[in-house]
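This report describes the fold of one chain, going from its sheet to its cores and then to local backbone features. The sequence and structure come first.

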Amino acid sequence: MSAPDQLTIDIYSDVMCPWCAIGYGQLTKALDELGGEIEAQVRWRPFELNPDMPETGEEQEAHLQRKYRRSAEEGAKIRGQMRAIAEGAGVSLAYEGEDADNAPPAMMWNTRACHVLLTWALEQAGPKVQTELKLALFAAHFNQRRNLSDRDVLLDIAASVGLHREAAKAALSDETLIAAVEAEERQAWDLNISGVPAMIVNGKFMIPGAQAPDVYVNALRRVAMKEREAAGEPSSS
């Protein structure tokens, strides 16, 4: 049997984005199905849905009503549909604190520091640890409702996945890393990415939005076939 095709998947996303969490859950299901056929290295790239959000944040539902001009009833319907899709993807978007009756408000935060931390994690620890950090940030936002614009919160999360706290603290103020995040965000716009998640496979094939697992399976198989053909290899194993 031939060795698995090796692909790289760069995911442009924001940690405030529920569809990004859902998309990764669906992608994981697809890669499980493709086990032995395709192996993928996942890297996370920055995209700020609300780059002008103040550090004080904004209550989530008020923000969404204002941004998308939708009513509370429309918002509730959309959230219900999204939760059902998330459950199918094996993703929880629900608050999971001990006292659900007194849950902190769901908020939207400025995420620039999150992206700086993720960029540093990729450089220093590699894609696997970066993904662990990304998932921890998703959990902190959706399941724990922590303030992701708070530097101490971010450092606690970084330490929870094995990253050095003091090194992470220095990274958050590193002008080179901040410039790298800004450059990657500009690159996203150059690629015509205006919404997330957006997955770029092997640097040239885009899969937009949070897709069903079978869509990812078929798309990744097509990319692997095109890459084999471009390399002059047999198109099937």
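How many bridges join β1 to strand β5, and do the two run parallel or antiparallel? In this predicted model, 4 bridges join β1 to β5 (residues 198-201), and the two strands run antiparallel. Within this pair, Ile-11 stands opposite Met-199 of β5, and Ile-9 stands opposite Val-201 of β5.

**The sheet**

The pairing of β1 with β5 belongs to an open sheet of 4 strands, ordered β2-β1-β5-β6, with mixed pairing. Its edge strands are β2 and β6 (205-208), each of which pairs on one side only. From one strand to the next, the twist averages 25°.

The parallel part of the sheet is formed by β1 and strand β2 (residues 38-46), which pair over 9 bridges. One of the bridge partners here is Glu-39 in β2, which is matched with Gln-6. Between these strands the chain passes through helix α1 (residues 18-33), giving a β-α-β crossover that is right-handed.

Strand β1 (residues 5-13) has 7 of its 9 residues buried, so the rest of the structure largely encloses it. Helix α5 (residues 127-143) lies across β1 and β2, and runs at about 60° to β2.

On the other side of the order, β5 and β6 are joined by 4 bridges and run antiparallel. In this pair, Val-201 stands opposite Phe-205 of β6, and Ile-200 has Met-206 of β6 as its bridge partner. The hairpin of β5 and β6 has 3 residues between the strands.

In a regular strand, side chains alternate between the two faces of the sheet. In β5, Ala-198 and Ile-200 point one way while Met-199 and Val-201 point the other way, and all are buried.

The strand pairs of the sheet are listed below.

| Strand pair | Sense | Bridges | Citation |
|---|---|---|---|
| β1 and β2 | parallel | 9 bridges | |
| β1 and β5 | antiparallel | 4 bridges | |
| β5 and β6 | antiparallel | 4 bridges | |

**Nonpolar cores**

The largest nonpolar core has 38 residues. Those with the most contacts inside this core are Ile-9, Ile-11, Leu-27, Leu-93, Ile-193 and Leu-220. Two or more residues come from each of β1, α1, β2, α3 (72-88), α5, β5 and α9 (213-230). Helix α1 gives the most, with 7 residues.

Which residues does Ile-193 contact, leaving aside its neighbours within four places in sequence? Ile-193 is in contact with Tyr-12, Phe-47, Ala-188, Ala-198, Ile-200 and Met-206 on that basis. Of these, Ala-198 and Ile-200 point one way from β5.

Another core, of 32 residues, lies apart from the largest one. Among its residues are Ala-121, Leu-133, Val-161 and Ile-178.

**Helix α2**

In helix α2 (residues 60-68), the residues Gln-60, Glu-61, His-63 and Leu-64 are buried. Seen down the axis of α2, its buried residues fall within an arc of 160°, so they line one face of the helix. What covers them includes β3 (58-59), α3, β4 (107-108) and α5.

Why does Gln-60 count as buried? Its relative accessibility is 19%, and the cut-off for a buried residue is under 20%. Not counting residues up to four places away in sequence, Gln-60 touches Ala-106, Met-107, Met-108 and His-141. By contrast, the C-alpha atoms of Gln-60 and Lys-29 are separated by 29 Å, with the two residues 31 apart along the chain.

**Local backbone features**

The loop between α8 (175-190) and β5 contains Pro-197. A cis peptide bond joins Val-196 to Pro-197, with omega at about 5°.

Asn-192 is placed in the loop between α8 and β5 as well. Although Asn-192 is not a glycine, it has a positive phi of about 65°. Is this residue buried or exposed? With a relative accessibility of 66%, Asn-192 counts as exposed.

A positive phi also occurs at Asn-202, at about 55°, although this residue is not a glycine. Asn-202 is located in the loop between β5 and β6. At 24% relative accessibility, Asn-202 counts as partly exposed.

Technical notes:
Residues are numbered from 1 along each chain as its sequence is written. This is a predicted model: local features need pLDDT of at least 70, side-chain atom pairs count only at pLDDT 80 or more; totals for chains, interfaces and linings use all residues. Side-chain values use heavy atoms; hydrogens and water are left out. Buried means under 20% relative accessible area, exposed over 50%, partly exposed in between (1.4 Å probe, protein chains only). Two strands pair if DSSP finds at least two bridges between them. A crossover is right-handed if, with the strands pointing away from the viewer, the path from the first strand over the helix to the second runs clockwise. Axes are lines fitted to C-alpha atoms, for helices over the stretch in contact, and angles run from 0 to 180 degrees between N-to-C directions. Contact means heavy atoms within 4.5 Å. A nonpolar core is a set of buried Ala, Val, Leu, Ile, Met, Phe, Trp, Tyr and Cys residues joined through side-chain atoms within 4.5 Å. The arc is that of the directions from the helix axis to the C-beta atoms.
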